[in-house]
Amino acid sequence: MKIQKLDGYTLITYKDIKLRDGVLVQGLPGIGLVGKIAVDYIVSSLDLEKVAELIGPGILLPAGNVGVFVTNQGELQLPSYKFYYYSGTERDFLFLTSEVQPTVWAQYEVAEKVLDLFVSLGGREVVGLCGTAIEEAETGVYYALATPKLGEKLESIGAKRSSGGTITGACGLLPALASLRGLDAFVLMGSTQTSEPNFAAAKEVIIAFSKLYGMSISLEEIEKVINQIREKEEEAKKILEEAKPKEGEQLPSWYV
């Protein structure tokens, strides 16, 4: 293990790596937890090794408080950015995930430190995975570009161009800053109508991502979770329907 100080931040390196035409894939907490679920699932499915962690004053607890997590084993754990390594056939990948987003005032400085690390390892392309709020009940994956030439490639896998709006937090900021360094960069967004964890939207993002990079990722486990959620939703819907007064019935006079 190697510990390096970076202007108030600390980089902990567990394994030295160099990336071949490297791709950084970021998935952090956000709307529907779509990006985080997607990256965490890929990391788990491929049994990837954690190669580094970044900790520091801008990476705080979810509510923005200074503090630490306590694991189920009673151990202290600092909030951190975690990096996982995957060696592909032609390109190497660095997957970035965390329990938190950087606090608002530190978004830029944390993103720049991530990019400093990524470029030093041989990084060439940055991908942000996240959710996007779609009012209509429409599924699918949308994209936003920092590198215009990638549009045709993204549309070839069925992704749709975003029609406008904003992307808050690190999901859009990291790719945008990466493009200023000459890196290829874009965002893939799963459509969601809820702020609750959306595994179905994350699955769509995983499918699009795996098509884009020719990566084989089993969907069996995430499909089990999606089916369990649907069964519970159907049960709740049935209970609510049964609780409704039938036609012609009147509620008791004391019912409020």
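# Exercises on a predicted model

The lining of the largest pocket holds 12 nonpolar residues, 13 polar ones and no charged ones. The structure is a predicted model. The exercises below start from this pocket.

## Exercise 1. The largest pocket

Task: state how much space lies in the largest pocket, then say which residues are closest to its centre and which strand gives the most to its lining.

Solution.

Step 1. Take the volume. The largest pocket holds about 510 Å³ of space.

Step 2. Find the centre. The pocket is lined by 25 residues, and Gly131, Thr132, Thr166, Ile167 and Met189 are the closest to its centre.

Step 3. Assign the lining to strands. At least two lining residues come from each of strand S3 (22-27), strand S9 (123-133) and strand S10 (141-145). S9 gives the most, with 5 residues.

Step 4. Check the classes. The split is 12 nonpolar to 13 polar, with no charged residue in the lining.

## Exercise 2. The cavity

Task: count the cavities of 30 Å³ or more, then describe the lining of the largest cavity.

Solution.

Step 1. Count. There is 1 cavity of 30 Å³ or more.

Step 2. Take the volume. About 40 Å³ of space lies in the largest cavity.

Step 3. List the lining. The residues are Gln26, Tyr81, Pro102, Gln107, Val110, Ala111, Val114, Ala170, Leu173 and Leu174.

Step 4. Sort by class. The lining has 8 nonpolar residues, 2 polar residues and no charged residues.

Step 5. Sort by element. Helix H2 (107-121) and helix H4 (170-180) each supply at least two lining residues. H2 has the largest share, with 4 residues.

## Exercise 3. Salt bridges at Arg181

Task: find the salt-bridge partners of Arg181 and say which parts of the chain each pair links.

Solution.

Step 1. Take Glu112. Arg181 forms a salt bridge with Glu112, and their closest N and O atoms are 2.6 Å apart. This pair links distant parts of the chain: Arg181 is in the loop between H4 and strand S12 (184-192), Glu112 is in helix H2, and they are 69 residues apart.

Step 2. Take Asp116. Asp116 also forms a salt bridge with Arg181, with the closest N and O atoms 2.8 Å apart. Asp116 lies in helix H2 and Arg181 in the loop between H4 and S12, so this pair ties together parts that are 65 residues apart in sequence.

Step 3. Check accessibility. Arg181 is partly exposed at 33% relative accessibility. Glu112 is partly exposed at 29%. Asp116 is partly exposed at 42%.

## Exercise 4. Further salt bridges

Task: give the total number of salt bridges, then decide whether Lys50 and Glu53 are buried or partly exposed.

Solution.

Step 1. Take the total. The whole structure has 14 salt bridges.

Step 2. Inspect the pair. The side chains of Lys50 and Glu53 meet in a salt bridge of 3.2 Å, N to O.

Step 3. Apply the cut-off. Buried means under 20% relative accessible area. Glu53, at 10%, counts as buried. Lys50 has a relative accessible area of 28% and is partly exposed.

Step 4. Add the network. Asp21, Arg91 and Glu125 are linked in a network of salt bridges.

## Exercise 5. A surface patch

Task: name the residues of the nonpolar surface patch and place Leu78.

Solution.

Step 1. Name the members. Val68, Val70, Leu76 and Leu78 make a nonpolar patch of about 390 Å².

Step 2. Place Leu78. Leu78 sits in the loop between strand S6 (76-77) and strand S7 (81-87).

Step 3. Check its accessibility. The relative accessible area of Leu78 is 45%, so this residue is partly exposed.

## Exercise 6. Sequence against space

Task: for Phe83 with Leu145 and for Tyr14 with Lys2, give the separation in sequence and in space.

Solution.

Step 1. Take Phe83. Phe83 lies in strand S7. Its relative accessible area is 1%, so Phe83 is buried. Phe83 and Leu145 are 62 residues apart in sequence and 23 Å apart in space, C-alpha to C-alpha.

Step 2. Take Tyr14. Tyr14 is in the loop between strand S2 (9-13) and S3. Tyr14 is partly exposed, with a relative accessible area of 34%. Tyr14 and Lys2 are 12 residues apart in sequence and 6.5 Å apart in space, C-alpha to C-alpha.

Definitions and conventions. Residues numbered from 1 in each chain as written. Predicted model: local features only at pLDDT ≥ 70, side-chain atom pairs only at ≥ 80, totals over all residues. Heavy atoms only, no water. Patch = residues over 30% accessible without salt bridge, like charges linked within 9 Å, V, L, I, M, F, W, Y side chains within 5 Å. Areas by Shrake-Rupley, 256 points an atom, 1.4 Å probe, with all protein chains shown as cover. Salt bridge = Lys/Arg side-chain N within 4 Å of Asp/Glu carboxyl O. Buried < 20%, exposed > 50% of the residue type's maximum accessible area, 1.4 Å probe, protein only. 1 Å grid on protein atoms, 1.4 Å probe; cavity = no way out; pocket = protein on both sides within 12 Å on 5 of 7 lines; lining within 4 Å. Points joined across faces, edges and corners; volume = space filled by probe spheres on them. Nonpolar A, V, L, I, M, F, W, Y, C, P; charged D, E, K, R; others polar.
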